[in-house]
Amino acid sequence: MKKLFIAEKPSVAQQFADALKVKGARKDGYIEDEENIVTWCVGHLVTMSYPEVYDPALKKWSQDTLPFIPNEYKYEVIPAVAKQFNIVKGLLNREDVETIYVCTDSGREGEYIYRLVDRLAEVDPKKDRRRVWIDSQTEEEILRGIREAKPLTEYDNLSCAAYLRAKEDYLMGINFSRALTLKYSYPIKQYLGVDKCVIAVGRVMTCVLGMVVKREREIREFVSTPFYRVVAGIEKPAEEGEERRKLFEAEWKAVKGSRYFESPKLYKENGFKERADAEELIEYLKNPEPVEMTIKSISKKTEKKNPPMLYNLAELQNDCSKRFKISPTDTLNIVQELYEKKLVTYPRTDARVLSTAIAKEIDKNIRGLSNYGPLSGFAQNIIANQGYAGIAKSKYVNDKLITDHYAIIPTGQGLGQLSKLSDLQQKVYDIIARRFLSIFYAPAEYQKLAITLTRNGEEFSASFKMLVKPGYLKIANPSLANPSGKTNAEKTDGDSEGKKDGESGDKEEDQALTADLMKYISTLKKGSVLPVSGFEIKEGKTNPPQRYNSGSMILAMENAGKLIEDEELREQIKGSGIGTSATRDAIITKLVNNKYISLNKKTQILTPTFLGEIIYDVVLYSINGLLSAELTASWEYGLEGVSEGTIPESEYIEKMNGYVAKYVNIVKGIRNQNQMHFVFDKTKPYYSKKK
């Protein structure tokens, strides 16, 4: 009797064949020797049937046939891959196949791919099916996964969630797209002067479109507000034979006791709405002479910055978008190839931590990187000093934060393949390796100084920051780990450039602190008097929120809770994003292909098209729940509950069917095609963490 191994794609099947030492010749669609057969899918072999398969009359779009909610769903083999399906079907049903090892990707989508094949192949339910769950494609991990494979039935809940996700996307896509197209396509065609217009909407896709459109409209409606800050130049008192020289700048703030405290003239505590008021303050401060300031307080402290958490797919896609200006799809394709070449672990993960099990043998990964030229010295240092010894007790290891797979890390194997990869692929591998090794190094340490000065009852302040111990920055960002110690408070680990959304540029920033300046300031005491070289007005203005780029959109989808204004609701669904790590890039691509949003390939900036804004308004005035981050994220959270066995399938189906039927009927009830009626969607999220 033989064992059959079924992988998701041919390249992965070859990895399994190599690990199992299958020596047989490669046949048409599989590899076989005396003990084992290895075959593969080519992605999806089976798909859900269109409505016309249920009834030919459903091919024509009509409100009379909506809502369309089947009692039993139909599936069919995808014609383009029918040959491979038939090969796999034949192997699954061979009498000499005793055990079937399911080796598709270890996740919800991979589970769904096999279950559909199993279903349409009508495999004997008595056959022994086992699930291989692995985190990398190294020979060692493949053999471990086979050795520890569990009965496929233990993944039935995961399979159920996969089916429900597909059904939900199917129902919403077909019903809402047909209903809205039938209701609104005519006025849109007339308005745009086109012959055809299909309004395509979806559970996740439409929510993401809404995020892009809302951000663009916030930018359009934004009115910049000017403000005026007052800054003083602080000098070192001149000793005999010396000239006075400027030490640093201090910024005025309207603290309690100031003549401007809580004044309506203020934009914020450190700035005025009108320049004339800033000029008035300066005139007040100039008298009497000499113009000096007295130190009210000096504080010095050490600040530590820990290495960032490890990469999950969303974080990696965001970093690659910023650093290399590539799309999330490009990033996924690159890291998938690195995975298939055994260089990194499984890419489609939401976790940013390691598991306890992998932490126990993490030295193997580090030892492997001892042979990776750019980082070999760091890896060797970690091994020599056993820098990995306490990692299991750190924040970088947490089984509770892992669902299917731990974070993306280098395996330490397959390094001979690197030279054959493109420059971009090597760069992506390098940032993954640097992020990984960083967690075994000490935090970066900064010396921080803060000074408060007073004059005429008004208060000025200045803060300084100097890197004194680079720690992990030596690996993560060598350009900031300046051995001279003259590094200021720059970004330390690839944070996004520029200001955050809506940031006005009115915040006091840490100034560069040199060793000489720190030495001098350390000699100063409370009550010391320093001369002022003069006052300056610095004009600024508030900035509109930034547009999403492809990377920040992926993060926004992952952290959907941050988009929700209601604090309690945000906490309830914290950790439940829009879409999944395996699908988010495809959602953006679909919106671009539908011409609902535009992607600037050079900058990766996302903007809505005119058509996209029209679709947004159609949904806003009909089924605006599809634009709701909390509702969309709660569906995903509900699916997680199904996969964990905490939410019954029947309950989820009831909610899903009810939502679709309700809003299809609402759209059908709108009478005037040229006048969209505002229908407020008060549907509460399906599921949340707090009951």
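**Predicted fold and strand pairing of the protein chain**

In this predicted model, the protein chain has a mean pLDDT of 89. A pLDDT of 70 or more is reached by 90% of its residues. Two stretches fall below 50. One covers residues 483-503, where the pLDDT is below 50. Beyond near neighbours in sequence, residues 483-503 still have 49 contacts in the model. The other covers residues 674-681, again with pLDDT below 50. Here the model holds 23 contacts beyond near neighbours in sequence. Where pLDDT is low, predicted coordinates should not be read in detail.

The protein chain has 691 residues, and 53% of them count as buried. Its C-alpha trace spans about 100 × 75 × 45 Å along the principal axes. The secondary structure comprises 22 helices and 20 strands. Contacts reach far along the sequence. Among those between residues at least 6 apart, 77% join residues at least 24 apart.

An open sheet of seven strands is found in the order β2-β3-β4-β1-β7-β8-β9. Its pairing is mixed. The edges are formed by β2 (26-27) and β9 (150-151), each of which pairs on one side only. At the β2 edge, the pairing with β3 (residues 30-32) is antiparallel and rests on two bridges. Lys 27 has Tyr 30 in β3 as its bridge partner.

Strand β7 (97-103) pairs with β1 and with β8. With β1 the sense is parallel, over six bridges. Phe 5 stands opposite Tyr 101 of β7 in this pairing. With β8 the sense is also parallel, over four bridges. Tyr 101 has Arg 130 in β8 as its bridge partner. The chain passes from β7 through α4 to β8, and this β-α-β crossover is right-handed. Strand β7 is mostly covered, with six of its seven residues buried.

Two helices lie across strands of this sheet. Helix α1 (residues 10-20) lies across β1 (2-7), β2, β3, β4 (36-40) and β7. Its direction makes about 165 degrees with that of β4. Helix α4 (residues 108-121) lies across β1, β7 and β8 (128-131). The angle between α4 and β8 is likewise about 165 degrees.

Helix α1 also packs against a further helix, α5 (residues 139-147). The two axes come within 9 Å and cross at roughly 85 degrees. Helix α1 is therefore roughly perpendicular to α5, since angles of 65 to 115 degrees fall in that class. On the α1 side, the residues that meet α5 are Gln 15, Phe 16, Ala 19 and Leu 20. On the α5 side, they are Glu 139, Ile 142, Leu 143 and Ile 146.

Later in the sequence, strand β14 (residues 292-305) pairs with both β15 and β18. Eleven bridges join β14 to β15 (residues 444-455), and the sense is antiparallel. Within this pairing, Thr 302 has Gln 447 of β15 as its bridge partner. The pairing of β14 with β18 (residues 529-541) is antiparallel too, over three bridges. Met 293 stands opposite Leu 530 of β18.

Gly 540 also lies in strand β18. The relative accessibility of Gly 540 is 18%, so this residue counts as buried, the limit being under 20%. Apart from neighbours within four places in sequence, Gly 540 is in contact with Thr 225, Pro 226 and Phe 227. Between Gly 540 and Thr 99 the C-alpha to C-alpha separation is 70 Å. In sequence these two residues are 441 residues apart.

Asp 363 belongs to helix α12 (residues 363-369). With a relative accessibility of 18%, Asp 363 counts as buried. Outside its neighbours within four places in sequence, Asp 363 is in contact with Ile 383 and Tyr 388.

Technical notes:
Residues are numbered from 1 along each chain as its sequence is written. This is a predicted model: local features need pLDDT of at least 70, side-chain atom pairs count only at pLDDT 80 or more; totals for chains, interfaces and linings use all residues. Side-chain values use heavy atoms; hydrogens and water are left out. pLDDT is the predictor's confidence in each residue, from 0 to 100. Contact means heavy atoms within 4.5 Å. Two strands pair if DSSP finds at least two bridges between them. Axes are lines fitted to C-alpha atoms, for helices over the stretch in contact, and angles run from 0 to 180 degrees between N-to-C directions. Buried means under 20% relative accessible area, exposed over 50%, partly exposed in between (1.4 Å probe, protein chains only). A crossover is right-handed if, with the strands pointing away from the viewer, the path from the first strand over the helix to the second runs clockwise. Angles under 35 degrees count as roughly parallel, over 145 as roughly antiparallel, 65 to 115 as roughly perpendicular and the rest as oblique.
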